[in-house]
Amino acid sequence: MSPIRTAIIGLSKSSSPNWASYAHLPYLLSAEGRAKYQIVALCNSSVEAAKRSIETFQLPAETRAYGDPESLAADADVQLVLCATRVDRHYGTMMPSLRRGKSAFVEWPLAENAARAAEMAAAARENGGRTVVGFQGWYAPAVMKVREIVTSGRLGKVLSSEARGAGGTNDRTIMPSFMSFFTDSKIGSNPFSIGLGHLFDFVQVALGDVQVVNSHMQIQRPDVKIRDVTTGEITETLRSDVPDLMLVTGTLAASEHAVAGATVHVRVRRGQPFKGEDPLVWTVNCEKGEIRLSATGGMLISAFAHGQPVAIEVHDFETDEVQQVEWKWEERLDLDPCSRMVGALYEAFAAGDETKYATFDHAVKRHKQLDEMWSTFSP
């Protein structure tokens, strides 16, 4: 099979942090990535900016440079468009390509809200484009191991589960200047949509879809200090309308692996955990035992946190013994953990089995869950 001819929107050295260059490009430029994908075009804020990125990232000289989404969409040679811009730009930059029937890889969140996400999914479906969304947690080895234990049946059916996370930003009162937009809910990129969104998705990947019963959110610290990343000085204080405490309770449907009405509870708090406590502790209580996952590097083991120690333990109720469960990275060991998981999504997309990765339709389902929670919140 010939490599999938790919264009990237948002590959830039000036954007900090730039997820496209950090997580996507290492896989796409690896031997494994080049066998299945070929970067043929970049689209940035201007043709000149795209040309600079082609030079900066040492892409082939024949890589085409575009300065607007419509011109990129008109390029009939492009088969797949990767979008790794800020969330509020996903819709505008991707709709021209979706209407032209191009396939798309868009980072999560897919859009600012469920309505726009649904429009994007409909455009792809109506015009024949295949889609994938950046839910890397599907290929986080620790998540896959929890799912393996649950689906093996060795502990019986799931009775309940609780995930307690702290993070979203490194500090509870301060944000770096390049993340100042996290205080504005209209942007769609913040600890609610990203932090809770990713965590809630990979919990459901392991356990099954959750019917949300109740949610509660609070802004504990509305005034957020912004720190200049160059000087280290506080430059301003912004008023946030984004919750920094989120609690969600729901239930699982009866299945081969869960009892009817099994409770799932997720709590996410922005900033540091209690001193000495792991920022992610996730337990799954089953009929014959309990699973506990603890992550030391952060709550998002779908990204950077999986590069630091993640422990999985199983308490066997019959023997009353606790066993350490081993997990390991199987592939792409030469890449950063984020690129390993993103690479796995690319591999699954190339193989074409939509049960192995999140599509736009899956993202819409998650967006609707978040919108339902947001509807009960009054900033």
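Is C83 buried or exposed? C83 counts as buried, because its relative accessibility is 0%. This value, like the others in this report, is computed from a predicted model.

**Cysteines**

The sulfur of C83 has its closest cysteine sulfur in C43, at 9.3 Å. A disulfide requires two cysteine sulfur atoms within 2.5 Å, so the 9.3 Å between C83 and C43 is too far for a bond. By this rule the count of disulfides in the structure is 0. Another cysteine, C286, is also buried, with a relative accessible area of 2%.

**Strands β1, β2 and β3**

C43 also has a place in the strand pairing, where it stands opposite Y66 of β3. Strand β2 covers residues 37-43, and 6 of these 7 residues are buried. On one pairing, β2 is joined to strand β1 (residues 4-9) by 6 bridges, and the two run parallel. Within that pairing, I4 has Y37 of β2 as its bridge partner. Strand β3 (residues 64-66) is joined to β2 by 3 bridges, again in parallel. Between β2 and β3 the chain passes through helix α3 (residues 47-56), and this β-α-β crossover is right-handed.

After β3 comes D68, in the loop between β3 and α4 (69-73). D68 is partly exposed, because its relative accessible area is 27%. Its C-alpha lies 9.4 Å from that of I9, although D68 and I9 are 59 residues apart in sequence.

**Backbone features in loops**

Three loop positions have backbone angles worth listing.

| Residue | Location | Backbone angle |
|---|---|---|
| P109 | loop between β5 (103-106) and α6 (114-127) | cis peptide bond from W108, omega near -5 degrees |
| D320 | loop between β16 (310-316) and β17 (321-325) | phi near 60 degrees |
| R332 | loop between β17 and α9 | phi about 55 degrees |

D320 has a positive phi in a residue other than glycine, and R332 likewise has a positive phi although it is not a glycine. Their surroundings can be read from accessibility. D320 counts as exposed because its relative accessibility is 56%. R332 counts as buried because its value is 12%, and buried means under 20%.

**Empty space**

Rolling a probe the size of a water molecule over the atoms shows where empty space is left. The second largest pocket holds about 310 Å³ of space. Its lining has 15 residues, and those nearest its centre are Y139, P141, M144, K328 and E330. Two elements, α7 (141-152) and α9 (337-351), give two or more residues to this lining. Helix α7 provides the largest share, 4 residues. By class, 8 residues of the pocket lining are charged and 7 are nonpolar, with no polar ones.

The structure also holds 1 cavity of 30 Å³ or more. The volume of the largest cavity is about 40 Å³. Which residues line the largest cavity? They are M175, F182, P191, R221, V224, S240, V242, D244 and R270. Of the residues in this lining, 5 are nonpolar, 3 are charged and 1 is polar.

Methods: Residues are numbered from 1 along each chain as its sequence is written. This is a predicted model: local features need pLDDT of at least 70, side-chain atom pairs count only at pLDDT 80 or more; totals for chains, interfaces and linings use all residues. Side-chain values use heavy atoms; hydrogens and water are left out. Buried means under 20% relative accessible area, exposed over 50%, partly exposed in between (1.4 Å probe, protein chains only). Two strands pair if DSSP finds at least two bridges between them. A crossover is right-handed if, with the strands pointing away from the viewer, the path from the first strand over the helix to the second runs clockwise. On a 1 Å grid over the protein atoms alone, a cavity is a set of points where a 1.4 Å probe fits but cannot get out, and a pocket is an open set with protein on both sides within 12 Å along at least five of seven lines; lining residues have an atom within 4 Å of a point. Grid points are joined across faces, edges and corners, and a volume is the space filled by probe spheres set on the points. Ala, Val, Leu, Ile, Met, Phe, Trp, Tyr, Cys and Pro count as nonpolar, Asp, Glu, Lys and Arg as charged, and the others, Gly among them, as polar.
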